[in-house]
Amino acid sequence: LEEFGLRRRVAGRWQYDERHLCHSPQERIFFEGAWHEGLLPVQGVGATALAQYRLFAQRVAALQGAARFVIPTLHASLTPALLALDALPFAAWLDREGFDEPHLRWYLDYCCRDDYGADATQVSAWAGIHYFASRHGFHAPGDGNDERDAVLTWPEGNGWLANRLAQPLGDRLKRAHAVVRIAQTRDGVEVDGWDSASKTLVRWQAERCIVALPVFIAARVVENPPEVLRHAAARVKYAPWLVANLHLRAPLADHPGAAPSWDNVVYGSRGLGYVDARHQSLDPAPGPTVLTWYRPLGPSRYDSGDGRRLLLDRPWSGWRDELLAELSAPHADLPALTTRIDITRYGHAMAMPTPGLRAHLGNERTPASGRLAFAHADWSGYSIFEESFTRGHLAGRYA
Ligand SMILES: Cc1cc2nc3c(=O)[nH]c(=O)nc-3n(C[C@H](O)[C@H](O)[C@H](O)COP(=O)(O)OP(=O)(O)OC[C@H]3O[C@@H](n4cnc5c(N)ncnc54)[C@H](O)[C@@H]3O)c2cc1C
């Protein structure tokens with residue numbers, strides 16, 4: 001981040017370049033016919049909900065002391081407290097602790113679907129708590145703590161980071177080459193790739209190889225996959241996702257309440273709402289923009305069937321209809337203002353931190369075998385940029 005000029009040390013503290021931090025307002029929720037600040041439903045939810053919000057905040061704070069919740073995860077040792085949370089589905093833990101209030105449960109499901117692609121019945125209690133405890137905790141309304149995590153964001157998403165990481169590689173970066181075989185030989189590593197431009201198979205020879213592929217693909221292309229890889233691939237399950245970009249020719253009419261934000265969520269919907277690509281613009285005048293709608297398809301109360309099969313079978317028009325119906329609730333004029341929709345299907349978008357996965361994967365800094373070092377967010381058991389970056393960095397040092 002320092003090399004990219006995103007942050008620097010000032011008087012012993014990190015100071016971020018404000019242009020790249022998510023501008024205020026960061027998030028809002030469409031609940032009971034109006035927009036409200038934040039993503040936790042508050043207005044009119046009743047005393048039980050508010051009490052459980054406070055209790056949950058206290059529980060997260062207590063657990064922050066009992067087990068280390070850090071990003072990257074491999075900086076936390078696998079203590080008995082952490083493994084006990086890892087073993088249990090988050091929903092079962094919430095039931096056991098008496099957290100049954102529907103608004104709280106909706107919000108926690110939303111968070112799990114947002115970061116893990118599946119709801120609280122599918123991910124471990126460790127993952128459910130980690131979402132809050134590794135960051136700034138859980139804030140109950142009125143707890144006097146308005147501190148929020150600073151979020152780096154760009155109109156093109158994490159592509160901003162990926163492009164800058166790739167830039168120094170120049171033409172050593174071979175795009176559109178699908179690796180079909182990685183084999184350790186007597187003196188090195190052979191990597192065979194399908195060059196889709198020339199439609200030929202090309203071979204590289206290297207002293208060492210960092211295999212930064214998802215583990216289910218690595219296990220297929222690495223010849224005689226080592227035990228460490230087979231072990232990981234046998235257990236990592238993936239949430240499919242659908243992402244749609246909607247091009248709008250003019251600003252949307254809005255309901256009363258909280259102002260348009262970076263993240264705009266519709267309570268109770270299948271999708272996770274939309275992010276506005278124009279949010280970071282310094283031009284105050286509203287104008288044409290692109291909204292990104294996120295639809296996780298891992299198992300959840302919304303999708304009981306096979307999400308990957310649904311992704312494969314359902315035509316683009318079905319997704320268009322679902323998203324237009326969903327986002328028309330807060331913006332009735334959205335279908336009329338939409339000029340184009342780009343839909344992308346991700347069959348294996350992210351590893352789901354299912355119960356027991358942390359224990360299964362262990363805390364190896366760099367999984368390796370001979371001349372191969374493995375790197376990918378999958379090795380952390382869930383998917384965020386910080387985890388994948390750490391894994392890649394460590395594998396590079398090892399190699
Ligand atoms: C919808 C969505 C939203 C997300 N939002 C965020 C977010 O806001 N913040 C955040 O931190 N993280 C987010 N993530 C997670 C983030 O995208 C991942 O953590 C990150 O991409 C993992 O990087 P990686 O390098 O470990 O793996 P990948 O990004 O999976 O990279 C692996 C690469 O290998 C390539 N590959 C696969 N097979 C082959 C082959 N045979 N030959 C050659 N190449 C191959 C793939 O094309 C891919 O480019 C999001 C993920 C999704 C799906």
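Here a trainee and a mentor talk through a predicted model of a protein.

Trainee: What makes up the fold, in terms of helices and strands?
Mentor: The protein has 13 helices and 15 strands.

Trainee: Why is the protein called as compact as a globular protein of that length?
Mentor: Set two values side by side. The radius of gyration is 22 Å, and the globule rule gives 21 Å for 399 residues. The two are close, so the protein is as compact as a globular protein of that length. As for its extent, the C-alpha trace spans about 70 × 55 × 50 Å along the principal axes.

Trainee: Why does His130 count as buried?
Mentor: Good one to practise on! Buried means under 20% relative accessible area. His130 has 2% relative accessibility, so His130 counts as buried. Across the protein, 45% of the 399 residues count as buried.

Trainee: Where is His130, and in which helix?
Mentor: Look at helix α5, residues 125-133; His130 is in that helix.

Trainee: How do you know which residues His130 touches?
Mentor: Contact means heavy atoms within 4.5 Å. Leaving aside residues up to four places away in sequence, His130 touches Phe69, Val70, Ile71, Thr73, Tyr116, Arg135 and Tyr382.

Trainee: What share of the contacts with a separation of 6 or more comes from residues 24 or more positions apart?
Mentor: Such residues account for 69% of those contacts.

Trainee: And how many positive and negative side chains are there?
Mentor: There are 43 positive and 45 negative side chains, with the centres of the two sets 6 Å apart.

Notes: Residues are numbered from 1 along each chain as its sequence is written. This is a predicted model: local features need pLDDT of at least 70, side-chain atom pairs count only at pLDDT 80 or more; totals for chains, interfaces and linings use all residues. Side-chain values use heavy atoms; hydrogens and water are left out. Helices (H or I, at least four residues) and strands (E, at least two) are DSSP runs, numbered from the N terminus. The radius of gyration is taken over C-alpha atoms; the globule rule is 2.2 Å times the number of residues to the power 0.38. Buried means under 20% relative accessible area, exposed over 50%, partly exposed in between (1.4 Å probe, protein chains only). Lys and Arg count as positive and Asp and Glu as negative; His and the chain ends are not counted. The place of a charge is taken as NZ of Lys, CZ of Arg, CG of Asp or CD of Glu.
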